[in-house]
Amino acid sequence: MSAVALALALVVVTARPADGWTATRLWVAPHVPRTATARHPAVLPEAAAHWQSLGRPRPNPDPGLNRSPQLRLLSSTSDRHPLPTPASPAPLVPVWVHLLGAAGVCVAAVAAWARRTRLTGHLLLGATYATDPAEPSQGWSLHALTSEAGTTKQDQRRVLLDDALRSDPAAAAQLLKELQELRDRQRKQGGSGMGIGGEVEEFLSELLMVVDGKEGAESPLPWWSKLRPLTRFSRRARRASLRRVLDMSTPTADDDNDRGDDAGAERRRRRRSFAVILRALAQSETEDKPKGVAIVQLEKAASRDLKMSVNSEDVVKRAPPGLETPKYEVLVSRPLAAGGYEVRRYEPYTVCSVNMSKPREDPSKTDAEITNPQLKGASGFGALAGYLFGKNQQATAMKMTTPVFTAGEADKRTMSFVLPSDYWKEDGLQSAPQPLDGSGVQLERSDGEERAVVVFGGLATKADTAGRRSQLLKGLETDPDWMPDPGATVTLAQYNDPFTPPWKRRNEVCIKVVPRA
């Protein structure tokens with residue numbers, strides 16, 4: 001690209017008019033009669049001075065006059081041969097041609113700079129990306145990420161981040177691999193993931209500083225960073241795009257996701273969102289490679305989800321593949337003007353439930369280890385995960401399922417996991433592994449029911465969930481066929497794990513309904 005642009009610029013800059021010297025101020029007439037020169041002898045000195053000022057050689061003499069060095073010219077005041085004389089010399093090349101040449105030079109310079117920057121990054125790493133034939137399951141791998149002379153790990157991580165933002169899932173996977181290694185080391189030392197300081201916090205904070213700058217998330221961005229075409233050439237434009245995705249993906253303190261409303265809680269939320277985005281950038285390694293710059297594609301998806309411009313059919317497809325979920329059939333779908341919900345008939349299924357506010361005697365014996373224990377709801381999640389993964393009386397590990405149900409308010413708030421389909425039969429409560437004493441886990445069975453459901457994406461924040469709840473109940477008020485079951489409560493169903501980006505999540509609010517009399 002740079003070579004073509006530079007060649008175009010050189011051709012344009014060196015261009016000359018096709019009609020030779022006739023674009024000059026004076027008209028060259030080498031074959032005029034001698035009398036024309038005799039009638040206007042004063043023209044000769046002026047013509048000689050004009051050619052000398054242009055820095056060009058004088059035209060060849062008239063071959064018809066015995067090769068005389070005298071130049072035959074016609075004056076613009078000649079009576080017999082009137083010729084127009086411009087007030088000023090006409091340009092040899094139009095202005096727009098010069099502008100086109102200058103643009104070519106600029107494009108060539110930008111392309112060369114971008115290529116040099118990328119090459120410098122790879123040289124800085126001191127390693128190249130390549131697949132390992134002996135371990136095809138690991139896909140792309142980066143040869144040793146080690147510090148060399150004049151190069152620090154911080155520099156290498158920044159280069160990997162820039163490559164990941166551009167469209168290199170292997171670079172994102174390498175960063176995630178290092179993050180997982182730091183997290184495992186921290187757990188062995190008694191830490192707990194990203195919630196407590198240490199190498200994990202330092203790793204994520206260091207990369208966030210590259211995106212937000214030393215001033216943090218409130219520091220202003222240059223105006224040109226909003227131009228998406230520049231992300232193909234500019235690291236700062238790609239980092240600005242990542243920052244906008246972080247702003248759209250990081251929950252606020254009002255979203256009931258983290259205990260605390262201080263600066264430390266805000267940083268924790270932003271670090272978690274950054275880790276989720278890294279995972280999304282790395283997942284494209286196993287999927288079809290996106291067209292264009294990777295971080296720009298994520299920004300477009302996040303913007304669509306934030307504007308709620310994604311239909312419910314697309315959101316339903318976001319359920320994790322390979323995980324069991326209760327079976328249902330759709331009885332009726334209401335348009336958005338009438339509430340935008342659908343009525344489903346569910347087949348029987350079994351769940352395990354726990355009160356989210358009730359403490360347990362010894363969580364270390366009954367709960368699974370949670371990456372972020374400071375999150376609200378982590379305690380209930382840990383109890384259910386511990387039961388499902390083998391902390392039960394039969395020590396039987398079961399497969400994970402979807403969705404996770406949350407219902408109730410305050411001290412009556414409960415969380416439920418769906419058990420595998422092996423325990424959906426009538427004797428499911430007896431055949432399922434029994435919970436440990438003191439775990440607080442209870443087994444319940446649904447014999448099949450009709451539910452009105454509103455589907456939506458995003459983080460399922462407190463405000464968003466409340467809005468969907470109001471939408472559902474308002475629509476059911478005027479529904480001609482269905483009404484809420486008296487005493488039923490609205491339930492939130494979340495289908496994806498916490499590391500799924502908001503624009504790939506499936507959430508639902510639902511309530512049990514009965515036919516309207």
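**Close-up views of a predicted model**

**Figure 1. The whole chain sets the scene, with 15 helices and 12 strands.** Everything shown in these panels comes from a predicted model. Of the 517 residues in the protein chain, 43% are buried. Looking at contacts between residues at least 6 apart in sequence, 68% join residues at least 24 apart.

**Figure 2. Strand 9 (residues 449-456) is mostly covered.** Here eight of the strand's eight residues are buried. On one side sit Glu449, Arg451, Val453 and Val455, and on the other Glu450, Ala452, Val454 and Phe456, so you will find buried residues on both faces, by the definition of under 20% relative accessible area. Charged residues are part of this picture too, with Glu449, Glu450 and Arg451 among the buried ones.

**Figure 3. Strand 9 pairs with strand 4 and with strand 12.** Strand 4 (residues 342-346) runs antiparallel to strand 9, and the pairing spans five bridges. To get your bearings in this pair, look for Glu342, which stands opposite Val453 of strand 9. Strand 12 also pairs with strand 9 in the antiparallel sense, this time over six bridges. A handy landmark there is Ala452, which faces Ile511 in strand 12.

**Figure 4. Arg505 is buried yet has no salt bridge.** This residue belongs to the loop that links strand 11 (491-494) to strand 12 (507-515). Asp497 offers the nearest side chain of opposite charge, but that side chain is 6.6 Å away, and a salt bridge would need the atoms within 4 Å. A polar atom of the Arg505 side chain does lie 2.7 Å from the backbone oxygen of Thr500. Leaving aside neighbours within four places in sequence, Arg505 is in contact with a group of residues that includes Val315, Arg318, Phe456, Gly457, Leu459, Asn496 and Pro498. Phe456, one of these contacts, will be familiar from the view of strand 9.

**Figure 5. Helix 10 (residues 294-306) reaches 19 Å from its first C-alpha to its last.** With 13 residues, the helix comes close to the 18 Å expected at 1.5 Å a residue. Its buried residues include Ala294, Ile295, Val296, Leu298, Ala301 and Ala302. Glu299, Ser303 and Asp305 are buried as well.

**Figure 6. Gln394 is partly exposed, with a relative accessible area of 44%.** You can find Gln394 in the loop between helix 13 (378-388) and strand 6 (404-407). Beyond its neighbours within four places in sequence, Gln394 is in contact with Pro433 and Gln434. The C-alpha atom of Leu436, 42 residues away along the chain, is separated from that of Gln394 by 9.1 Å.

Conventions:
Residues are numbered from 1 along each chain as its sequence is written. This is a predicted model: local features need pLDDT of at least 70, side-chain atom pairs count only at pLDDT 80 or more; totals for chains, interfaces and linings use all residues. Side-chain values use heavy atoms; hydrogens and water are left out. Helices (H or I, at least four residues) and strands (E, at least two) are DSSP runs, numbered from the N terminus. Buried means under 20% relative accessible area, exposed over 50%, partly exposed in between (1.4 Å probe, protein chains only). Lys and Arg count as positive and Asp and Glu as negative; His and the chain ends are not counted. A polar contact is a pair of N or O atoms within 3.5 Å; within protein, one must be able to donate a hydrogen and the other to accept it, and residues adjacent in sequence count only if both atoms are side-chain atoms. Contact means heavy atoms within 4.5 Å. The expected span of a helix is 1.5 Å times one less than its number of residues. Two strands pair if DSSP finds at least two bridges between them.
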